[in-house]
Amino acid sequence: SHLANIDIICSILILTLMRLPSIDFLSLTYMIPVAYSSHPSIKHICLCYENLENGLFVDFWMEYSTAPAGLYSQAIGFVGAIRSFILQSLSNTFRNIQISLFLQYLGLPESEINLFVKSSPIPLEIVNDKVCITSDSINLPVQIYDESLKPDEVLKIVDSMRILSNY
């Protein structure tokens with residue numbers, strides 16, 4: 001049915017958001033049938049993507065909080081994946097950042113900052129009112145992302161989109 005197709009498209013888009021900075025999300029949006037692109041859930045996910053890509057992290061969390069009930073419920077680890085992407089972006093931009101901004105950008109409650117800093121894959125340290133990205137992180141190996149889907153993955157998605165466009 002039409003709603004089942006929307007759910008499938010939303011699930012695929014959400015999973016590709018979790019793969020940022022991979023370009024899969026943008027590639028997949030071009031394959032969405034026009035009849036579905038104006039659906040509120042799809043528009044919501046696309047706005048979340050735009051906020052993340054443009055570094056509007058606070059806006060992302062505000063938009064994310066307005067998601068229709070259950071939209072992200074199947075995406076186990078979604079918030080962690082998004083926080084990892086944001087943290088990587090912040091580490092490329094800042095060597096230190098005000099704690100209040102850090103919390104806002106990562107959508108973290110203040111009570112979780114110490115645990116987050118301790119468990120971060122990027123070395124972080126709290127000094128006074130700032131989160132410092134330690135100099136060790138400069139020497140971390142660059143993470144290489146596979147920028148493309150495998151051909152068989154693309155064919156499966158194309159087939160799914162073709163089926164959806166027939167509805």
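This passage describes selected helices, a loop proline and a group of aromatic rings. The structure is a predicted model, in which local features need pLDDT of at least 70, side-chain atom pairs count only at pLDDT 80 or more, and totals for chains, interfaces and linings use all residues. Residues are numbered from 1 along each chain as its sequence is written, and side-chain values use heavy atoms, with hydrogens and water left out.

A good place to start is helix α4, which covers residues 40–53 (helices are DSSP runs of H or I with at least four residues, numbered from the N terminus). Its 14 residues reach 20 Å from the first C-alpha to the last, close to the 20 Å expected at 1.5 Å a residue (the expected span is 1.5 Å times one less than the number of residues). Buried residues of α4 include Ile42, Ile45, Cys46, Cys48 and Leu52, and also Ser41, His44 and Asn51 (buried means under 20% relative accessible area, with a 1.4 Å probe and protein chains only). Just after α4, glycine 55 has a positive phi of about 70°.

Turning to a pair of helices, the axes of α6 (residues 78–93) and α7 (residues 99–106) come within 9 Å and cross at roughly 140° (axes are lines fitted to C-alpha atoms over the stretch in contact, and angles run from 0 to 180 degrees between N-to-C directions). The two helices are therefore oblique to each other (neither under 35 degrees, nor over 145, nor 65 to 115). Arg83, Ile86, Leu87 and Leu90 of α6 meet Phe102, Tyr105 and Leu106 of α7 (contact means heavy atoms within 4.5 Å). These residues divide into 6 nonpolar, no polar and 1 charged (Ala, Val, Leu, Ile, Met, Phe, Trp, Tyr, Cys and Pro count as nonpolar, Asp, Glu, Lys and Arg as charged, and the others as polar).

The aromatic rings form 9 pairs (ring centres of Phe, Tyr and Trp, the last by its six-membered ring, lie within 6.5 Å). Phenylalanine 60 and tryptophan 61 are edge-to-face, at 4.8 Å centre to centre and 75° between the planes (edge-to-face means over 60 degrees, stacked under 30, and tilted the rest). Tyrosine 72 and phenylalanine 78 have centres 4.7 Å apart and planes at 40°, so this pair is tilted. Phenylalanine 60 is buried at 0% relative accessibility, and tryptophan 61 at 11%. Phe60, Trp61, Tyr64, Tyr72 and Phe78 form one aromatic cluster.

Finally, proline 33 sits in the loop between α2 (24–29) and α3 (34–37). Proline 33 is buried, with a relative accessible area of 13%.

Definitions and conventions. Buried < 20%, exposed > 50% of the residue type's maximum accessible area, 1.4 Å probe, protein only.
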